[in-house]
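The following exercises concern the model displayed below. Each task is followed by a solution that proceeds step by step.

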Amino acid sequence: MKLSLCLALCLLAVLPQAVFAQDALKDTQKLGQRLFEQSCGVCHTRPTLVSGLYGPALSKEAAGGREDVVRDVISNGTPRMPAFKHTYDATQIAAIAAYLAIMPVPAAAPAPARPQGAPREDN
């Protein structure tokens, strides 16, 4: 009973922040968020805390914070990333760049757990 009450209180504390954050986005940023989650998230977000990434984690610091460079990379791709200029129009690509411009810098991923009985690396 106490655990479920604690979980409910935690959810109530976090939920308004998530709703506020979504409401604070402009329409262009909301479109960018949707497109990012649809096409970019598969490579640029972690499905779990200990999973690796195919591409770098993206944030407002991507490409030195320059939206024009971000738009160019999304449009034309890189040797390791496909181009999206045939998938999205310029307005949609700009929306993704606008969304990335407000994304916070991701926290560092925790180190993977050492299997029980495995030797320590600092020895």
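**Exercise 1: A backbone angle in a loop**

Alanine 63 has a relative accessibility of 37% and therefore counts as partly exposed. The model under study is predicted.

Task. Determine where alanine 63 lies and what sign its phi angle has.

Solution.
1. Alanine 63 is located in the loop between α2 and α3.
2. Most residues other than glycine have a negative phi.
3. The phi of alanine 63 is near 55°, a positive value in a residue other than glycine.

**Exercise 2: Overall fold**

Task. State how many helices and strands the protein has, and what pattern it follows along the sequence.

Solution.
1. The secondary structure amounts to four helices and zero strands.
2. Along the sequence, the pattern reads α-α-α-α.
3. Of the 123 residues in the protein, 24% are buried.

**Exercise 3: The geometry of α2**

Task. Compare the span of helix α2 with that of a straight helix of 18 residues, and locate the kink in α2.

Solution.
1. Helix α2 covers residues 27-44.
2. At 1.5 Å a residue, a straight helix of 18 residues would span 26 Å.
3. Between its end C-alpha atoms, α2 spans only 22 Å.
4. A kink of about 50° is present in α2, centred on glutamine 38.
5. The buried residues of α2 include Gly32, Leu35, Phe36 and Ser39. In general, residues three or four places apart in an α-helix point the same way, because there are 3.6 residues a turn.
6. Gly32 also permits a comparison with α4: threonine 91, 59 residues away in sequence, is 9.6 Å away in space, C-alpha to C-alpha. Threonine 91 is found in helix α4 and, at 58% relative accessibility, counts as exposed because the cut-off is over 50%.

**Exercise 4: The salt bridge**

Task. Identify which residues form the salt bridge, and classify each partner as buried, partly exposed or exposed.

Solution.
1. The structure holds one salt bridge.
2. Its partners are arginine 66 and aspartate 68, with the closest N and O atoms 2.7 Å apart.
3. The relative accessible area of arginine 66 is 47%, so this residue is partly exposed.
4. Aspartate 68, with a relative accessible area of 35%, is likewise partly exposed.

**Exercise 5: The enclosed cavity**

Task. Give the volume of the largest cavity and describe its lining.

Solution.
1. There is one cavity of 30 Å³ or more in the structure.
2. The largest cavity has a volume of about 40 Å³.
3. Among the residues that line this cavity are Lys60, Arg66, Glu67, Val70 and Leu100.
4. Helices α3 (67-76) and α4 (90-100) each contribute at least two residues to the lining.
5. Sorted by class, the lining of the largest cavity contains five nonpolar, two polar and three charged residues.

**Exercise 6: The open pocket**

Task. Establish the volume of the largest pocket, and state which helix supplies the largest share of its lining.

Solution.
1. The volume of the largest pocket is about 420 Å³.
2. The pocket is lined by 22 residues, of which His44, Pro56, Leu58, Val73 and Met81 are the closest to its centre.
3. At least two lining residues come from each of α2, α3 and α4.
4. The largest share, six residues, is supplied by α2; His44 of this helix is buried.
5. By class, the lining of the largest pocket comprises 17 nonpolar residues, four polar residues and one charged residue.

Terms used: Residues numbered from 1 in each chain as written. Predicted model: local features only at pLDDT ≥ 70, side-chain atom pairs only at ≥ 80, totals over all residues. Heavy atoms only, no water. Expected span 1.5 Å × (residues − 1). Bend = angle between axes of the 7 residues up to and from the residue. Buried < 20%, exposed > 50% of the residue type's maximum accessible area, 1.4 Å probe, protein only. 1 Å grid on protein atoms, 1.4 Å probe; cavity = no way out; pocket = protein on both sides within 12 Å on 5 of 7 lines; lining within 4 Å. Points joined across faces, edges and corners; volume = space filled by probe spheres on them. Nonpolar A, V, L, I, M, F, W, Y, C, P; charged D, E, K, R; others polar. Salt bridge = Lys/Arg side-chain N within 4 Å of Asp/Glu carboxyl O.
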